[in-house]
Amino acid sequence: MARITGAVDIDRERCKGCDLCVVACPCNVLTLQTKDVNDRGYHFVADTAPEACIGCAACATVCPDGCITVYRVVEKP
């Protein structure tokens, strides 16, 4: 049976660090970077555990700026 995983693509330069996606993620894939900032001076979100992503797209749904794109990857045996 095929296994479905997710891949998260984050536009770090557009991210304003609102943290909504971090809260919405059921698998704790995303974290807010506390030390690094983007060109606009905001702390941004990064996918620190990409292997845990299930591709539910909850993070992309709540992102007010549309900075997140989620892809579903089908791994065939």
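1. A residue is called buried when its relative accessible area is under 20%, exposed when that area is over 50%, and partly exposed in between. By this rule K16, at 37% relative accessibility, counts as partly exposed. The model discussed here is a predicted one, and the points below should be read with that in mind.

2. K16 is a useful place to begin, since its side chain meets that of D65 in a salt bridge, with 3.7 Å from N to O. The pair links distant parts of the chain, for K16 lies in the loop between strand 1 and helix 1, while D65 lies in the loop between helix 2 (58-62) and strand 4, and the two are 49 residues apart. D65, with a relative accessible area of 28%, is partly exposed.

3. How many salt bridges does a search of the whole structure find? There are two, and besides the K16 and D65 pair there is one formed by R3 with E75, whose closest N and O atoms are 3.4 Å apart. R3 belongs to strand 1 and E75 to strand 4 (residues 68-75), so this contact ties together parts that are 72 residues apart in sequence. Both partners fall in the partly exposed class, R3 at 47% relative accessibility and E75 with a relative accessible area of 37%.

4. Strand 2 (residues 30-37) and strand 3 (residues 43-47) run antiparallel and are joined by four bridges. Across this pairing, T31 stands opposite A46 of strand 3. The hairpin made by the two strands has five residues between them, and within the hairpin G41 adopts a positive phi near 90°.

5. H43 is also part of strand 3, and at 33% relative accessibility it counts as partly exposed. From C-alpha to C-alpha, H43 is 6.7 Å from K16 in space, although the two residues are 27 apart in sequence.

6. Which residues gather in a patch of negative charge on the surface? They are D9, D11, E13 and D39. Of these, E13 is placed in the loop between strand 1 (3-10) and helix 1 (20-24), and its relative accessibility of 36% makes it partly exposed. A residue needs over 30% relative accessible area and no salt bridge to enter such a patch, and the value of 36% for E13 can be read against that cut-off.

7. Two residues deserve a careful look at the backbone. Most residues other than glycine have a negative phi. D19, however, has a phi near 75°, a positive value in a residue that is not glycine, and N28, likewise not a glycine, has a positive phi of about 55°. D19 sits in the loop between strand 1 and helix 1 and is partly exposed at 28% relative accessibility, whereas N28 sits in the loop between helix 1 and strand 2 and, at 58% relative accessibility, counts as exposed.

8. Is G55, in the loop between strand 3 and helix 2, buried or exposed? With a relative accessible area of 3%, G55 is buried, because that value falls under the 20% cut-off. G55 and I10 are 45 residues apart in sequence, and their C-alpha atoms lie 14 Å apart in space.

Definitions and conventions:
Residues are numbered from 1 along each chain as its sequence is written. This is a predicted model: local features need pLDDT of at least 70, side-chain atom pairs count only at pLDDT 80 or more; totals for chains, interfaces and linings use all residues. Side-chain values use heavy atoms; hydrogens and water are left out. Two strands pair if DSSP finds at least two bridges between them. Patches are made of residues with over 30% relative accessible area and no salt bridge: like charges are joined within 9 Å, nonpolar side chains (Val, Leu, Ile, Met, Phe, Trp, Tyr) within 5 Å. Accessible areas come from the Shrake-Rupley method with a 1.4 Å probe; for residues, only the protein chains shown count as cover. A salt bridge is a side-chain nitrogen of Lys or Arg within 4 Å of a carboxyl oxygen of Asp or Glu. Lys and Arg count as positive and Asp and Glu as negative; His and the chain ends are not counted. The place of a charge is taken as NZ of Lys, CZ of Arg, CG of Asp or CD of Glu. Buried means under 20% relative accessible area, exposed over 50%, partly exposed in between (1.4 Å probe, protein chains only).
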